[in-house]
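User: Please take a close look at the contact between domains in this model, and then follow the chain outward to whatever helps to place that contact in context. I would like one connected account, with the cut-offs stated.

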Amino acid sequence: MRQSIIKSRRLLIILIIIGLFVLVFFSLFKDRNASEVFLVFRYDDYSSESSLLIEREILDMLDRYEMSCSFGIIPYSIEPGNSGEKEIFPIKNSKITLIKEYVREGSINIGIHGFLHITTNNTESKTEFAGVPYKEQFDKIRASKNLLDSLFETKIISFIPPWNSYDEHTLNALKTLSFLNVSADNGQGDYNERQFNFIPFTAYFSDIKKILEYRKIPIHNNLSVMVLMIHDYDFREIDSTSGIIDIPEFRKVIDRIVQMGWNIVSIDQAVEMINRFDIGHYKLNRLKLNLLNHFPGYMKNISMFEKFDVLDDFYLSNSQVAKILILLLLYYLLILILIGEVFAFILRKMHINKRFIFPLIFVLCFSIVSLSFYFLYDDHSLGRHECMGLMIIAGAMFSTIDYLSFIRREGRKIV
Ligand SMILES: [Zn+2]
């Protein structure tokens, strides 16, 4: 009798945790019509070689609608010169004249996208800047800025590092050259540069297509912000194997975005209009990604929770990230209880001798404390696997303590 009461109480607790989880999760999403949605449009790799077909398509979009976007421009390229030797050339004149009027009107905003966009290391993680000495980085960025500033008669303040990769030297060079905006991704080092606006990209075109189908999206204070990164090779007309959209689809999606009253803006415009790009928000959104990584992949396959993916695509506020933290605590609490139940079952079946129980509790407790220290001290980020390991040991410890009180209660002699 007593045991069945305990069991039904545990079941109730599990149901309450699941209920709370569902409630908190759905409170993250609100009706998309109730907010201003901003989509920062960042087209990378505009260069002598990039696709005119796709660029004409983007210019057509700018002609049709009142909007603006950012072009990450590669200022120089290496080609065989008159002597046959490879030489460095500035971006072709035709590519300047194609967009110069748009830049002058403000519908295209320029970001410096590297110097040559050629990797400086031989590893998998390509970069033109990270790990390169300060002087070299400074010279490259200065040459790039000088060229594009004078060709477009403008003052460029945005930097989009190739492969979204930079380091502390890059930021120092950008500071000296009066850049204000850095748009890479959320995977860069933990820098404390307060004078920059960080506008990391958050979404691919395929994400935007998916988001358009949802009636409810993450909204805070009537505001929703995403940053789209797009290349010419994302179009099947350019790369038939790895392209993710084609031109007719692109037009349809842009028409739909405009119909829904979303704002398509450039990096510089977004920084002027929205107050979510300071270092605090940047770190907050890195934390968000860390927290989201703790949820197992299969969760997104449950149709109720498929929108977990969408949380990656938006810049979230303090309270939204706090809700994700609550979700994570509820999730681990549930795991802890379930693992505890499994261990409790095993312990009862094995009839462990009472005198082994205290040493067992001590060993489990010691492992939790020492492993926690090790994970944090050894620069582990306390990721999904580490937390799961700790939960398994904690579940075992709590069920052992529970087992001790069980045998005391029962007054049974365990052999
Ligand atoms: Zn690029």
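Analyst: Across the contact between the two domains, 10 residues of domain 1 meet 11 residues of domain 2, where a contact means that two C-beta atoms, placed from the backbone, lie within 7 Å of each other. On the domain 1 side, helices α10 and α12 (384-410) each supply at least two of the touching residues, and α10 gives the most, with 5 residues. By type, the residues on this side of domain 1 divide into 7 nonpolar, 2 polar and 1 charged; here Ala, Val, Leu, Ile, Met, Phe, Trp, Tyr, Cys and Pro count as nonpolar, Asp, Glu, Lys and Arg as charged, and the others, Gly among them, as polar.

The model is predicted, so local features need a pLDDT of at least 70 and side-chain atom pairs count only at pLDDT 80 or more, while totals for chains, interfaces and linings use all residues. Residue numbers start from 1 along each chain as its sequence is written.

The domain bounds, which come from an automatic or database domain assignment, give domain 1 as 2-25 + 321-410 and domain 2 as 35-315. The C-alpha centres of domain 1 and domain 2 are 44 Å apart, and the C-alpha trace of the protein chain spans about 95 × 50 × 40 Å along its principal axes. The secondary structure of the protein chain comes to 12 helices and 12 strands, taken as DSSP runs numbered from the N terminus (helices are H or I with at least four residues, strands are E with at least two). Among contacts between residues at least 6 apart in sequence, 75% join residues at least 24 apart.

The helix that gives the most to the domain 1 side, α10, covers residues 318-350, has 33 residues and reaches 48 Å from its first C-alpha to its last, close to the 48 Å expected at 1.5 Å a residue; the expected span is 1.5 Å times one less than the number of residues. Its buried residues are Ile324, Leu327, Leu330, Gly340, Phe343 and Leu347, where a residue is buried if 20 or more other C-beta atoms, placed from the backbone, lie within 10 Å of its own, exposed if 12 or fewer, and partly exposed in between. Just after α10, His351 takes a positive phi of about 45 degrees. For the protein chain as a whole, buried residues make up 32% of the 415 residues.

Within the bounds of domain 2, helix α7 (residues 247-259) invites a similar reading: its 13 residues should span 18 Å at 1.5 Å a residue, and its end C-alpha atoms are 18 Å apart, which agrees. The buried residues of α7 are Phe250, Ile254 and Ile257. Seen down the helix axis, they fall within an arc of 60 degrees, so they line one face of α7; the arc is that of the directions from the axis to the C-beta atoms. The face turned away from the buried side carries the exposed residues Pro248 and Gln259. The buried residues of α7 pack against β2 (36-46), α2 (52-64) and β12 (263-265), and just after the helix Gly261 takes a positive phi of about 80 degrees.

From the side of β2, Leu39, found in that strand, gives a view of the packing. Leu39 is buried, because 22 other C-beta atoms lie within 10 Å. Leaving aside residues up to four places away in sequence, Leu39 touches Ile208, Met226, Leu228, Ile257, Trp262, Asn263 and Ile264. By contrast with these contacts, Leu39 and Phe21 are 18 residues apart in sequence and 29 Å apart in space, C-alpha to C-alpha.

Two loop residues deserve a note on backbone geometry. Ser178, in the loop between α5 (168-176) and β8 (181-182), has a phi near 65 degrees, a positive value in a residue other than glycine; Ser178 counts as exposed because it has 10 C-beta neighbours inside 10 Å. Asn221, in the loop between β10 (216-218) and β11 (223-230), likewise has a positive phi, near 50 degrees, and is exposed, with 11 other C-beta atoms within 10 Å.
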